[in-house]
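Student: Hey, can you walk me through this one? I've got the file open and want to know what to look at.

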Amino acid sequence: MNIENVKAQMRKGVLEYCTLSILSKGYAYASDIIKELKNAELIVVEGTLYPLLTRQKNAGLLTYKWEESTQGPPRKYYKLTEKGEAALNELNKSWNYLTQSVEKIRTKNTGNL
Amino acid sequence: MKKTIRIHISGFIFNIDEDAYKILDKWLNRISEKYKNEEDGEEIFNDIEMRVAELFEEKVGNEGVVTQKEVEEIIKTMGQPEDFENDEEPVTENKTDYSKKKSRKQRRLYRDEENKIIAGVCSGLGNYFGIDPVIFRLLFVAGLIIGGFGTLLYIILWIAIPKAETIAQKLEMNGEPVTISNIEKAIKEEIDWVKEKWFRRKKRRN
C-alpha cells in the first residue's frame, strides 16, 4: 500500500466535495474558493483547483458568469447548478455515512489509536 | 544590471526581469503542454494564467518589476503541473477499445452483448482477436450476399459461443486477469452501462 497515494486519493475526493459545498452558498470567485480551502488546509498547491472547477463545470455541476472587476479584467464567478446541488446532497449523505462507519471501526479497535 | 521585459498576462501588464521571465515561461509551457490535448485544456490554462497575473499584481502592483523571487514564490504557491491532478483520466468510455487489447493472456471467446448488433458474435470475435468487430461484420455480410453461408455460420456460432454473463467472464473475454481490483472496476463499468441503458429507455418513452 502506498500511503502517499491513499492520502492523495482521499484528499481528491474531499476536495471535490468541499468545492461543491463552498459553492452552495452562491456565486464565488476562484480565488475566494482557494482562500477558503487554504484556511481549512485542504489544498496544497493552488493549481489543483482550476482543472477541478473546469471538470465539474463540464460535468454539469457548475455554471459561471463573467463579472466586471475594479482591479483588472472580468472575473469568472462559479455557482452550483441544479445537478450540482443534487450531487452535493448525495455527497453530504455519503459523507455522514462514511464518517460514522470510520468512527465505528476506530472506536471498536481503540488499541490502534 | 538586468534587462526587463514587458509582458502581458490576462489583461495585466508587468515588467519582469529576464531570468524571471525564462523560469516563468518554462513553467507555463509545461502547464500548457499538460493540457493541450484536452478539449478544455485552453480554459484550464487561461484560468491558471489569470491567477498568476493576480498573484503578481498582489506582490508587485501594476508597475513593479517581477523578479526571480516572485516567480519562484508563485510557482511554489501554484505547484508543479504534475501535482495539479492525479494523472488517471476521469474519462469513462463505455465502448470497448478493440485496438488496445493486444495481450491474449487468459482470453476466452464469449459473445459480447454490450456491443452487439445481433447477438454479439462479431464483437466477441473482435474482443478475442483484438481487432475491430466491423471486420467480422463485413465478412459475415459478404458471406450472406455470396451464398447465404454467413447466416448459417452466424447461427452456429450464436449457439456455440456462450455469452459473457458474469463479471469474471467479461474479464476473460477482454483478456484481463480475474483479480479483485479488476472485478471491482468491471462492476463499476457494469453499473454505468445499466444506468445509461435505463436512461436511454426512459428517454425513448418520454
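Tutor: Sure, we'll go through chain A, the contact between the chains, the cores and a few single residues.

Student: Is this experimental or predicted, and what does that do to the local features?

Tutor: It's a predicted model, and local features need pLDDT of at least 70.

Student: OK, chain A then. How many helices and strands are in the secondary structure of chain A?

Tutor: Four helices and three strands. Starting at the N terminus, the order of elements in chain A is α-β-α-α-β-β-α.

Student: And how much of chain A is buried?

Tutor: Of the 113 residues in chain A, 19% are buried. As for contacts in chain A with a separation of 6 or more, 45% come from residues 24 or more positions apart.

Student: What about helix α3 of chain A, how many of the ten residues are buried?

Tutor: Seven of the ten residues in α3(A), which spans 49–58, are buried, so the helix is largely enclosed by the rest of the structure. The buried ones are Leu49(A), Tyr50(A), Pro51(A), Leu52(A), Leu53(A), Thr54(A) and Gln56(A).

Student: What covers the buried residues of α3(A)?

Tutor: Parts of both chains. From chain A the cover includes α1 (3–23), α2 (30–39), β2 (62–69) and β3 (72–80), and from chain B it includes α2 (41–60) and α4 (81–84). Also have a look just after α3(A), where Gly60(A) has a positive phi of about 85°.

Student: Since chain B came up, how many residues does each chain put into the contact?

Tutor: Chain B puts in 19 residues and chain A puts in 16. On the side of chain B, the elements giving two or more residues are α2, α3 (68–78) and α4. The most comes from α2(B), with seven residues.

Student: How do the residues on that side of chain B divide into nonpolar, polar and charged?

Tutor: Six are nonpolar, five are polar and eight are charged on the side of chain B that touches chain A.

Student: Switching to cores. Which residues have the most contacts inside the largest nonpolar core?

Tutor: Leu53(A) and Ile48(B), in a core of 31 residues. Elements giving two or more residues to this core are α1, α3 and β3 of chain A, plus β2, α1 (18–35), α2 and α3 of chain B. Here too α2(B) gives the most, with seven residues.

Student: What does Ile48(B) touch, leaving out residues up to four places away in sequence?

Tutor: Gly47(A) and Tyr50(A) from chain A, and Ile31(B) and Met78(B) from chain B. Apart from the largest core there's another one, of six residues, and Leu125(B), Tyr128(B), Phe136(B) and Phe140(B) are among them.

Student: Then let's do the helices there. At what angle do the axes of α5(B) and α6(B) cross?

Tutor: Roughly 135°, with the axes coming within 8 Å; α5(B) covers 121–129 and α6(B) covers 134–147. That crossing angle makes the two helices, α5(B) and α6(B), oblique. The handedness of the crossing of α5(B) and α6(B) is right-handed.

Student: Which residues make the contact?

Tutor: Cys122(B), Leu125(B) and Gly126(B) from α5(B), against Phe136(B), Arg137(B) and Phe140(B) from α6(B). By type, the residues of this contact are four nonpolar, one polar and one charged.

Student: Back to backbone angles. You mentioned a glycine, so which residue other than glycine has a positive phi near 55°?

Tutor: Glu41(A) does, and Glu41(A) sits in the loop between α2 and α3 of chain A.

Student: Is Glu41(A) buried or exposed?

Tutor: Glu41(A) is exposed, because it has just 7 other C-beta atoms within 10 Å, and the cut-off for exposed is 12 or fewer. Over in chain B, Ser10(B) also has a positive phi, near 35°, and lies in the loop between β1 and β2 (12–17). Ser10(B) counts as partly exposed because it has 15 C-beta neighbours inside 10 Å.

Student: Last one: where is Lys3(B)?

Tutor: In the segment before β1 (4–9) of chain B. Lys3(B) is exposed, because it has 8 C-beta neighbours inside 10 Å. Not counting residues up to four places away in sequence, Lys3(B) touches Asp17(B) and Glu18(B). Lys3(B) and Glu18(B) are 15 residues apart in sequence, yet C-alpha to C-alpha they are 5.9 Å apart.

Note on methods: Residues are numbered from 1 along each chain as its sequence is written. Chains are lettered from A and ligands numbered from 1 in the order in which they are written. This is a predicted model: local features need pLDDT of at least 70, side-chain atom pairs count only at pLDDT 80 or more; totals for chains, interfaces and linings use all residues. A residue is buried if 20 or more other C-beta atoms lie within 10 Å of its own, exposed if 12 or fewer, and partly exposed in between; C-beta atoms are placed from the backbone. Two residues are in contact if their C-beta atoms, placed from the backbone, lie within 7 Å. Axes are lines fitted to C-alpha atoms, for helices over the stretch in contact, and angles run from 0 to 180 degrees between N-to-C directions. Angles under 35 degrees count as roughly parallel, over 145 as roughly antiparallel, 65 to 115 as roughly perpendicular and the rest as oblique. A crossing is left-handed if the near helix is turned anticlockwise from the far one by less than a right angle, and right-handed if clockwise. Ala, Val, Leu, Ile, Met, Phe, Trp, Tyr, Cys and Pro count as nonpolar, Asp, Glu, Lys and Arg as charged, and the others, Gly among them, as polar. A nonpolar core is a set of buried Ala, Val, Leu, Ile, Met, Phe, Trp, Tyr and Cys residues joined through C-beta atoms within 7 Å.
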